[in-house]
Amino acid sequence: LISKIWRKKTALLYFLFLSVEPFFIGINRWFHLTSFEVMFSFTAVLLIIHWFKTEKNRFLILSAIFLGLGILTKLTSVILFPVFIYVFIKDFQKNKSLFPVIKFSVITFFTFFALFPAMWVAPINTISKLLDSILHAVGDDPRRAQLNFYVNFFYYPLILLFKLSPLLFILFNYSLQNYKKIKSFEFNVLIVTFFSYLLFLSISDQKIDRYSLVFFPVIALVSSIFVAKLEERYIYVYASFSVLFA
């Protein structure tokens, strides 16, 4: 998907950057649900971008299915709704049709409902428990209790400062500084994805370090898009340093 949306060089850099991130590797080796949520949801974002570019129906359907799988894995995936709203607004401006939104919503809900048997027998009770879990899932977690009011909102930027490799942290920030040079619809979707996660996770009471994993694929891809546009010698330097930092 990445090679089709951007180019093969970007895809190669993305997988290199992501595969040598110690924290990302550690959570994935732990087989935590956060890993499944991250990959399902990010794949849904890539698929909706590819659908917008190609207007092929199968990519819209696959995106809805993967988003449904992400929500089934962890409800944090609902944070991505602004991303899909942004894409559908752009599509409506181009095609003047609401049919893709309706189809996407129905397929996402059907995926969530069909693969969640508890919804078949007690939907109201299940939904109430899901909402309760969102509000109180980690209310007694000691890592949350140790945060003061001033640190609370900046928790995830601070976590990323320590969890990301120094190279990727620098590259991502430099990519944002050069936004005007590399901006495009596809790049904007990634930026909306990042800041949607940042906003909603920051205002939430639930603060856990592993939740920062949702940022890693976005940061790696944004950095890869930026590096792929540089001269070959700089690409080799950044690729080599990413392995050294790991």
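**A walk through an all-helix model**

Helix H15 has 14 of its 19 residues buried, so the rest of the structure largely encloses this helix. The model shown here is predicted. Helix H15 runs over residues 185–203; at 1.5 Å a residue it should span 27 Å, and its end C-alpha atoms are 27 Å apart, so the expected and the computed span agree.

Helix H16, covering residues 215–228, can be read in the same way. Its 14 residues should span 20 Å at 1.5 Å a residue, and the distance between its end C-alpha atoms is 20 Å, which agrees. As for burial, 14 of the 14 residues of H16 are buried, so H16 is largely enclosed by the rest of the structure.

One residue shows what this enclosure looks like in detail. Val218 is part of helix H16. Is Val218 buried or exposed? Its relative accessibility is 1%, and buried means under 20%, so Val218 counts as buried. Leaving aside neighbours within four places in sequence, Val218 is in contact with Phe42, Leu190, Thr193 and Phe194. Of these partners, Leu190 is 28 residues away from Val218 in sequence, yet their C-alpha atoms are 6.3 Å apart in space.

A second residue can be followed elsewhere in the chain. Leu130 sits in helix H9, which covers residues 123–136. Apart from neighbours within four places in sequence, Leu130 has contacts with Leu75, Phe112 and Phe116. Leu130 and Leu168 are 38 residues apart along the chain, and 35 Å separates their C-alpha atoms.

From these parts the view can widen to the whole protein. How many helices and strands does the protein have? There are 17 helices and zero strands. Among contacts with a separation of 6 or more, 78% join residues 24 or more positions apart. Of the 246 residues, 46% count as buried.

The overall dimensions come next. A compact globule of 246 residues would have a radius of gyration near 18 Å; the protein has 19 Å, so it agrees with that expectation. Along the principal axes, the C-alpha trace spans about 60 × 50 × 30 Å.

The last items concern surface and charge. The accessible surface of the protein is about 13,100 Å², and 69% of it belongs to carbon and sulfur atoms. The protein carries 24 positive and 12 negative charges, and the mean positions of the two sets lie 8 Å apart.

Methods. Residues are numbered from 1 along each chain as its sequence is written. This is a predicted model: local features need pLDDT of at least 70, side-chain atom pairs count only at pLDDT 80 or more; totals for chains, interfaces and linings use all residues. Side-chain values use heavy atoms; hydrogens and water are left out. Helices (H or I, at least four residues) and strands (E, at least two) are DSSP runs, numbered from the N terminus. The radius of gyration is taken over C-alpha atoms; the globule rule is 2.2 Å times the number of residues to the power 0.38. Buried means under 20% relative accessible area, exposed over 50%, partly exposed in between (1.4 Å probe, protein chains only). Contact means heavy atoms within 4.5 Å. Accessible areas come from the Shrake-Rupley method with a 1.4 Å probe; for residues, only the protein chains shown count as cover. Lys and Arg count as positive and Asp and Glu as negative; His and the chain ends are not counted. The place of a charge is taken as NZ of Lys, CZ of Arg, CG of Asp or CD of Glu. The expected span of a helix is 1.5 Å times one less than its number of residues.
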